[in-house]
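User: Hi! I have a structure open and would like to talk it through with someone. Could you take a look with me?
Analyst: Happy to, please put it up.

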Amino acid sequence: MREFVINKNDSGQRLDKFVTKAVKNLPQSLLYKYIRLKRIKLNGKRCAISDRLCEGDVLQLYINDEFFEDDTSKPEFLKAPPSLDIVYEDDNILLCDKKCGLVVHEDESGVSDTLINRILHYLYDKGEYNPEAEHSFVPALCNRIDRNTSGIVICAKNAQSLRILNQKVKDREIDKRYLCVTVGVPPKKQDTLTAYHERNEKTKVVKISDKKTPYNKTMTTQYKVLKTSADKRLALLEVKLITGRTHQIRAHLAHIGYCLLGDGKYGINSVNREYNVKTQALCAYKLGFEFKTDAGILSYLDGKSFEVKNVWFTQKLFD
């Protein structure tokens with residue numbers, strides 16, 4: 001028999017969701033069977049899959065030891081360095097400036113040095129995250145950006161903040177702005193662009209069209225020209241995404257004839273070499289909290305905005 005005492009981060013979850021995360025090796029079919037057979041009990045009594053867990057509840061599982069992981073090895077995240085560029089931090093959230101070349105989560109390459117692993121290592125060293133004390137919660141990212149895009153990524157330190165932020169992102173109550181450099185200066189100082197987006201899952205390249213088809217999705221991008229370079233060949237743009245499609249900024253601006261400097265996929269390599277820029281000039285530089293509905297424990301963030309002060313390509317090309 002194993003026993004779990006529900007902590008603050010576990011509370012509020014459905015019982016079946018908690019068990020799925022806490023006992024990863026237990027098949028879903030057996031989970032439901034054991035609940036029916038009363039081999040899983042809540043506070044010593046019969047329970048249902050839809051029961052909501054409260055802090056202090058005791059969940060007892062009368063199931064075989066083979067379903068529990070007894071891994072005494074060091075957590076994978078300790079292989080990543082704990083070094084971060086922190087834009088803002090409090091007890092609930094952490095805003096990091098992710099640098100170019102760093103992936104946010106582990107991908108097919110299997111590399112352990114990811115942004116989330118760096119954050120977990122950092123919080124572990126601070127004593128704010130102990131995987132042995134958590135049954136079902138791990139600090140998590142609420143947004144993501146590409147490996148070669150830099151900028152602000154949000155991490156929730158506790159389950160309540162994660163639930164709130166995920167909903168706020170879904171409801172578009174968090175305003176994200178990007179800076180980028182285009183090859184060529186758009187004729188309009190600001191504009192709202194609409195086109196149609198289709199991603200090739202094999203090549204990981206997106207195709208942009210001016211016509212709607214059954215296979216593509218609408219995308220909308222707003223931009224504003226902030227500066228032009230001394231040679232008048234480059235423009236610094238602030239961009240706001242109305243939709244969130246894969247490679248949207250890079251592909252949409254390339255579609256209208258103004259590709260991003262440094263972009264090896266949608267850009268012009270000869271121009272990239274000329275300016276000695278080896279990665280796309282794109283940064284998620286500013287983030288604002290614009291809550292329209294109750295934000296619970298994160299209400300204090302409403303109206304606040306945070307930004308990366310030193311964006312590498314603005315210094316290199318426009319200062």
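User: Let me start with a detail. Which residue stands opposite threonine 194 in E12?
Analyst: That is threonine 220. The strands there are E10, residues 190-200, and E12, residues 217-228, and they pair in the antiparallel sense over eight bridges. Do keep in mind that this is a predicted model.

User: Good to know. How many bridges join E10 to E11?
Analyst: Five bridges, and those two strands run antiparallel as well. E11 covers residues 205-209. One of the pairs is histidine 197 with isoleucine 208 in E11.

User: What sits in the turn between E10 and E11?
Analyst: E10 and E11 form a hairpin with four residues between them. Lysine 204 is in that turn, and its phi is positive, at about 65°.

User: Let's zoom out. How many helices and strands does the protein have?
Analyst: There are seven helices and 15 strands. The C-alpha trace spans about 75 × 45 × 40 Å along its principal axes, and 46% of the 319 residues count as buried.

User: And what about the surface, how much of it belongs to carbon and sulfur atoms?
Analyst: The accessible surface comes to about 16,700 Å², and 47% of that belongs to carbon and sulfur atoms. As for contacts with a separation of 6 or more, 65% of them involve residues 24 or more positions apart.

User: Now E14. Is it mostly buried or exposed?
Analyst: Seven of its eight residues are buried, so E14 is largely enclosed by the rest of the structure.

User: Which strands does E14 pair with, and in which sense?
Analyst: E8 and E14 run parallel, joined by two bridges. E9 is joined to E14 by six bridges and runs antiparallel to it. E15, residues 305-307, is also antiparallel to E14, with three bridges.

User: Can you give me some residue pairs to click on?
Analyst: Sure. Glycine 151 has alanine 284 in E14 as its bridge partner. Cysteine 180 is partnered with leucine 282 of E14. For E15, look at glycine 288, which stands opposite serine 305.

User: What holds paired strands together in general?
Analyst: Strands of a sheet pair through backbone hydrogen bonds, in a parallel or an antiparallel way.

User: Over to H4. Which of its residues are buried?
Analyst: Ala159, Ser161, Leu162, Ile164, Leu165 and Lys168 are the buried ones in H4. Their cover includes strands E6, E7, E8, E9 and E14, so you meet E14 here again as part of what covers H4's buried residues.

User: Why does the length of H4 look right for a helix?
Analyst: At 1.5 Å a residue, the twelve residues of H4, 159-170, should span 16 Å, and the end C-alpha atoms are 17 Å apart, which agrees. After H4 comes arginine 172, with a positive phi near 60°.

User: Does another helix have something like that after it? Say, what follows H2?
Analyst: Lysine 38 follows H2, and its phi is positive too, near 60°.

User: While we're at H2, which residues are buried there, and where are they on the helix?
Analyst: In H2, residues 28-36, the buried ones are Leu31, Tyr34 and Ile35. They cover an arc of only 100° around the axis, which puts them on the same side of H2. The face turned away from that buried side carries the exposed residues Ser29 and Arg36. What covers the buried residues includes H1 and E2.

User: What kind of sheet does E2 belong to?
Analyst: An open, four-stranded one with antiparallel pairing, in the order E1-E4-E2-E3. The edge strands are E1 and E3, each pairing on one side only. E2 is joined to E4 by three bridges, and leucine 42 stands opposite leucine 59 in E4.

User: And where does H1 go relative to that sheet?
Analyst: H1, residues 15-22, lies across E1, E2 and E4, and runs at about 60° to E4.

User: Last one: lysine 21. Which residues does it touch?
Analyst: Lysine 21 is in H1. Leaving aside residues up to four places away in sequence, it touches Gln13, His135 and Ser136. With a relative accessible area of 37%, lysine 21 is partly exposed.

Key:
Residues are numbered from 1 along each chain as its sequence is written. This is a predicted model: local features need pLDDT of at least 70, side-chain atom pairs count only at pLDDT 80 or more; totals for chains, interfaces and linings use all residues. Side-chain values use heavy atoms; hydrogens and water are left out. The expected span of a helix is 1.5 Å times one less than its number of residues. Buried means under 20% relative accessible area, exposed over 50%, partly exposed in between (1.4 Å probe, protein chains only). Contact means heavy atoms within 4.5 Å. Two strands pair if DSSP finds at least two bridges between them. Axes are lines fitted to C-alpha atoms, for helices over the stretch in contact, and angles run from 0 to 180 degrees between N-to-C directions. The arc is that of the directions from the helix axis to the C-beta atoms. Accessible areas come from the Shrake-Rupley method with a 1.4 Å probe; for residues, only the protein chains shown count as cover.
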